[in-house]
Amino acid sequence: MQRQRPPSHADDGTIFSGIGARALLYLKLHEATGDPKFLAQANPYVDAMAAKIESQKLDDRATGATGFQWSHIGMSCVAALAADRAGDAAKAGQYVQDVRAAFTNGDGTYDDFDSGGAGLLYAARFLDENLAPSGKPYIPRPLVYGLASRIINRGSATATAAGHPGVMQWHGPNDDGLWLGQSHGVAGVVQQLLEVPELLENATALGFLRRTLDWVVSQQFASGNFPTEYYNATEDVLVQWDHGAPGVAAALLAGWRAFGQASYRASAERALECVWERGLLLKGLMNCHGIGGNIWMQLYAAKLTGDLKYRYRALAFLGTVLSTPLLSNLTQMRQPQPLPNAPWGFWTGSIESSIELWTDLLYRGPANASMTGWEARL
């Protein structure tokens, strides 16, 4: 990665596909190992990423992006974290202000996790859980609650217009479609809304969240999978983090944790069985589209349920990774295309996704692993 994607390489700055991801990987290595050399190696990537924040803001104004992955928001979060670790509280505060401004100056065009409001909610948690405690939230709670409320209102209006009154749906950025999965669909938005405790004290919001989760359960195929609108909502095709059973199962488990509703866990368990049966994806280790994301979802399921079966399954998947050159040999590893920088993109490329995964498993162990960029704790 250092040879082929040094800080000077002409990539974008985002966490999803660019220099920001490499900065985040080195910061994760530093946190996991405590070795200062990784912090030193992060710094050139952080500087190169920070130099791109202002131009990314211009792009974001054009596209309406505010999500942690696709916009300057994630870049500012990572820059704040690097400044915090360097002991520069004033510089960290400047980058935090960049994030806070997105809560006060406009929500952006979409509400999905990758590009929109759900990813902005995640950014607030990322700051609170990783920067030095400040005595109060880095993003004031009224701003977080206000954004969450607006997301619910927009989701309700969109679903009503689509003929599903009483639940929530949101348009995604790729085709303006109404998707179900983690990256651009209902599961990803609900996942982040469930992390706003103030919502769970609001009877109206609570009703929308529960009815939406009930509706998600009703969409499940007999196979345990969920519709993947990227192809056709009637087709039982994709079994990966962004579309299909793995990511939707995570949202259902989060709903079960919040509400204690047995049907959510039962639906999630059927989905996870589908992942175990059909989720050994040979197209790559990437978090978004490959076996990497499916491994993370098994680890997340073990963490929430306490059922070590899911940890075993994650490690069993990894056994296949190690014995399959297409997944683990750099000279043979499949290079996904055609997304910009896809072979190297943190979320859609195999190599950076694998660095993230192995860092946690080797240094923290499967019980403490966290999917950086989706789970807030670095």
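**Exercise 1.** In this predicted model, decide whether Y230 is buried or exposed, and then establish which residues join Y230 in a nonpolar surface patch.

*Solution.* Start from the relative accessible area of Y230, which is 53%; because exposed means over 50%, Y230 falls in the exposed class. Next, place the residue along the chain: Y230 sits in the loop between helix 9 (203-218) and helix 10 (245-259). Finally, turn to the surroundings on the surface, where Y230, Y231 and V237 make up a nonpolar patch whose accessible area is about 320 Å² together.

**Exercise 2.** Identify which residues touch the most other members of the largest nonpolar core, and list what L193 contacts once neighbours within four places in sequence are left aside.

*Solution.* The largest nonpolar core holds 117 residues, and those touching the most other members are V99, L127, L193, L252, I295 and W374. Taking L193 from that group, and leaving aside its neighbours within four places in sequence, one finds contacts with L121, A148, I151, I152, M168, W170, L199 and L209.

**Exercise 3.** State how many salt bridges a search of the whole structure finds, and work out which parts of the chain are tied together by the pair D98 and K57.

*Solution.* The search of the whole structure yields 20 salt bridges. In one of them, the side chains of D98 and K57 meet with an N to O distance of 2.9 Å. Since D98 belongs to helix 5 (residues 89-105) and K57 to helix 3 (residues 53-63), the pair ties together parts that are 41 residues apart in sequence. As for accessibility, both D98 and K57 are buried.

**Exercise 4.** For the salt bridge between R257 and E195, determine where each partner lies and how accessible R257 and E195 are.

*Solution.* The closest N and O atoms of R257 and E195 are 3.0 Å apart. R257 lies in helix 10, while E195 lies in the loop between helix 8 (186-193) and helix 9, so this pair ties together parts that are 62 residues apart in sequence. R257, with a relative accessible area of 45%, is partly exposed, and E195, at 26%, also counts as partly exposed.

**Exercise 5.** Find how many residues apart E269 and R265 are within their helix, and name the residues that shared salt-bridge partners join into one network.

*Solution.* The side chains of E269 and R265 meet in a salt bridge of 2.8 Å, N to O. Both residues lie in helix 11 (residues 262-278), 4 residues apart, which is about one turn of the helix. E269 is partly exposed at 26% relative accessibility, and R265 is partly exposed with a relative accessible area of 21%. Elsewhere, salt bridges with shared partners link R5, D11, R22 and E352 into one network.

Methods:
Residues are numbered from 1 along each chain as its sequence is written. This is a predicted model: local features need pLDDT of at least 70, side-chain atom pairs count only at pLDDT 80 or more; totals for chains, interfaces and linings use all residues. Side-chain values use heavy atoms; hydrogens and water are left out. Patches are made of residues with over 30% relative accessible area and no salt bridge: like charges are joined within 9 Å, nonpolar side chains (Val, Leu, Ile, Met, Phe, Trp, Tyr) within 5 Å. Accessible areas come from the Shrake-Rupley method with a 1.4 Å probe; for residues, only the protein chains shown count as cover. A salt bridge is a side-chain nitrogen of Lys or Arg within 4 Å of a carboxyl oxygen of Asp or Glu. Helices (H or I, at least four residues) and strands (E, at least two) are DSSP runs, numbered from the N terminus. Buried means under 20% relative accessible area, exposed over 50%, partly exposed in between (1.4 Å probe, protein chains only). A nonpolar core is a set of buried Ala, Val, Leu, Ile, Met, Phe, Trp, Tyr and Cys residues joined through side-chain atoms within 4.5 Å. Contact means heavy atoms within 4.5 Å.
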